[in-house]
Structures are given as structure tokens and as C-alpha cells.
Amino acid sequence: MKRRQSLSVLAAAAAAAAFPGLAFAAYPERPITLIVPWGAGGGTDAVARIIAAELEQELKQPINVVNRTGGSGVVGHQAIASASPDGYTIGILTVEIGMMRHAGLTKLSGEDYTPLALMNFDANAVMVRADSPIKSAADLLAAAKANPGKLKASGTGQGGIWHLGLAQWLVDNKLPGNAIAWVPSQGAAPGLQDLLAGGIDVVSCSLPEARALIEAGKVNALVLMGSKPDGIFPKVPLYKAADGKLWNIGAWRGIAAPKGLPKDMTDKLAAALKKIYDGKGYQDFLAQRGFGALYADRGDFGKFMAEKDAASAAAMKAVGIAK
């Protein structure tokens with residue numbers, strides 16, 4: 001009896017070696033977890049959930065979205081990086097991964113992941129009240145140069161992407177990063193309300209966040225730091241940097257896995273994400289929500305994160321918040 005069992009085991013092992021497909025089901029064979037470093041109901045959560053829904057259709061497995069919040073994004077980003085690279089935990093990375101370590105919050109960077117695809121980019125815009133005497137980006141730079149620190153801006157917390165975007169723009173125009181004083185807020189919405197109330201002079205945020213006020217004629221967008229015109233507000237001027245290149249400064253979101261993900265799994269996930277990005281469902285979602293459409297494949301996504309990391313470091317040093 002024992003001999004027959006041993007022979008059966010050997011036969012099974014031989015079959016597995018000769019025909020691997022008989023031993024292992026094609027990836028994925030069980031549900032996948034998608035970690036979101038930010039709270040439910042926000043923009044990042046919305047992007048993650050539409051991607052998860054589309055990914056379920058592509059991979060024929062449930063995609064469970066899990067919000068892991070805390071530590072200004074550190075908790076969720078760390079959870080993605082620390083997971084086993086077995087293809088069953090992925091996550092949505094955000095612009096903060098290029099900022100957190102320069103603030104001394106973590107040692108994480110884009111190099112701690114297997115990049116899969118950049119899926120969204122919302123360019124930084126700078127805006128004023130419609131009745132402001134400042135009517136153009138040139139006017140704003142001239143006012144900041146004439147009276148450094150007199151003008152006040154808001155749109156996010158100290159060191160947030162909209163703060164750093166404004167600082168980088170000022171530095172690129174030969175002004176100190178704090179030539180326009182920053183007033184921290186809990187986000188673009190309270191910043192815009194403060195702008196309308198006259199408490200501040202400038203708001204730095206994305207165009208979608210100010211869409212209702214722009215359409216109502218209460219806010220004037222002066223410049224957009226993106227590489228292409230906005231789909232809803234195409235007349236907002238793009239910023240051409242000192243070196244002659246159009247900028248891409250703003251908030252972004254992309255999908256990644258823990259570092260060390262096997263190539264076959266990387267290939268399958270990356271191909272599925274590209275198909276999702278190109279699909280009507282995802283593009284309609286971006287258009288309806290006013291989110292920016294920008295894709296980068298896994299190689300270019302890795303380079304993109306490295307470039308944004310370096311730019312964030314320089315901006316944070318310019319405003320004196322780099323550790």
C-alpha cells in the first residue's frame with residue numbers, strides 16, 4: 001500500500017514537472033487586494049474603485065479595495081511596500097510617495113515598488129478671485145516680486161502638492177519659494193472659500209476642484225502647470241518653464257505592487273491596466289469627474305516617480321520644510 005502511494009506521489013511530481021499547467025492554475029486564482037492609502041469617498045478612492053471594478057472584469061477575480069489611512073499617507077504606502085510580492089496585493093500610489101521621505105515621515109520612495117501603470121494626473125493650477133486686479137500669471141509674478149510675502153495663498157496643508165507646485169513655479173521664475181506666503185488649509189474647498197471671503201489672494205489646486213466656482217464666474221484660473229490643455233477649461237494658459245518645456249506639476253495616481261513581483265504577474269497586470277486606461281468606461285469616468293488623463297507604462301512610470309521625487313525635494317528645500 002505504502003509503495004503504491006509513493007509511486008502515486010512520484011507520478012504526480014513527474015506530471016507536474018512535465019506539464020506545469022496541470023499543477024498550477026493560471027494567475028490569478030484567488031481574489032486580489034488593492035490598498036488605498038487615503039480615505040473612502042475621496043478622489044484617490046474613487047479612482048481606485050473604478051480601476052478595481054474594471055480589473056475584476058479583466059482578471060475574472062474579485063478585487064477587494066481596502067483603505068489603509070494614517071500618517072499622511074505613510075500607513076497605506078507602507079502596507080503596499082511590505083506586502084508579499086505574490087501578485088495578490090497591489091495598491092494605488094499617489095504623489096505623496098515622492099514627498100514623504102523628504103519631510104522625514106518615512107524612508108519609502110518609488111524604488112520600493114514594482115511600478116505597473118500611471119493612471120491619472122491632475123495638473124496644478126493657480127487662481128484668483130474674478131474681481132482681483134491680478135489678471136494674468138505675469139501680473140501675479142510681478143506683484144509677488146514687488147511685495148515678497150504680502151500676497152497669501154492656500155489650497156492644502158503646509159508641504160502639500162499644491163503648496164509645492166506654487167513654490168516650484170515661483171522658483172522657476174527667479175523668486176523665493178515663499179514669495180507668496182502659504183496659509184495651510186484642510187484642502188482646496190476651504191481654501192477657495194477663504195479666497196472668496198477675501199482672507200487670501202491666491203489658491204493653488206487642480207481645476208476640477210475649482211470647477212463650480214470657475215463656471216460660476218467667481219474664480220479666474222491664471223495658469224495650468226500641465227503638458228496639455230484642460231479638457232473642460234482649454235483656454236487656461238499652460239506654463240512653459242524657463243528651459244522652454246511644458247510642465248507636469250500636480251497630483252497623480254498610479255498602480256504598483258510590492259517590489260520583486262515576478263515578471264509574468266507584472267506583465268499580466270500591466271497589460272490589464274493599459275486595456276482599462278484605453279477603455280471607454282475609465283475614460284468616461286475621468287471626463288465626468290474632471291480628472292486628468294495621463295498614462296505611463298511600468299518603465300516610464302518608474303522614471304516619472306523618480307523625476308517627481310527630485311522635483312519635490314528641491315521645492316521642499318525652497319520653502320524650508322525638507323528634513
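Buried means under 20% relative accessible area and exposed over 50%, with partly exposed in between (1.4 Å probe, protein chains only). Helices (H or I, at least four residues) and strands (E, at least two) are DSSP runs numbered from the N terminus. This is a predicted model, in which local features need pLDDT of at least 70, side-chain atom pairs count only at pLDDT 80 or more, and totals for chains, interfaces and linings use all residues. Residues are numbered from 1 along each chain as its sequence is written, and side-chain values use heavy atoms, with hydrogens and water left out.

**View 1. The two sides of helix H10 (residues 280–289).** Tyr282, Phe285 and Leu286 of H10 are buried. Because these residues cover an arc of only 95° around the axis (taken from the directions from the helix axis to the C-beta atoms), they lie on the same side of H10. Lys280, Ala287 and Gln288, on the other side, are exposed.

**View 2. The surroundings and end of H10.** The cover over the buried residues of H10 includes helix H3 (43–59), strand E4 (113–129) and helix H9 (263–278), where contact means heavy atoms within 4.5 Å. Gly290 follows H10 and has a positive phi, near 80°.

**View 3. Residue classes in the lining of the largest pocket.** This lining has 17 nonpolar, 15 polar and four charged residues. Ala, Val, Leu, Ile, Met, Phe, Trp, Tyr, Cys and Pro count as nonpolar, Asp, Glu, Lys and Arg as charged, and the others, Gly among them, as polar. H3, helix H6 (161–172), helix H7 (188–197) and strand E9 (250–258) each supply at least two residues of the lining.
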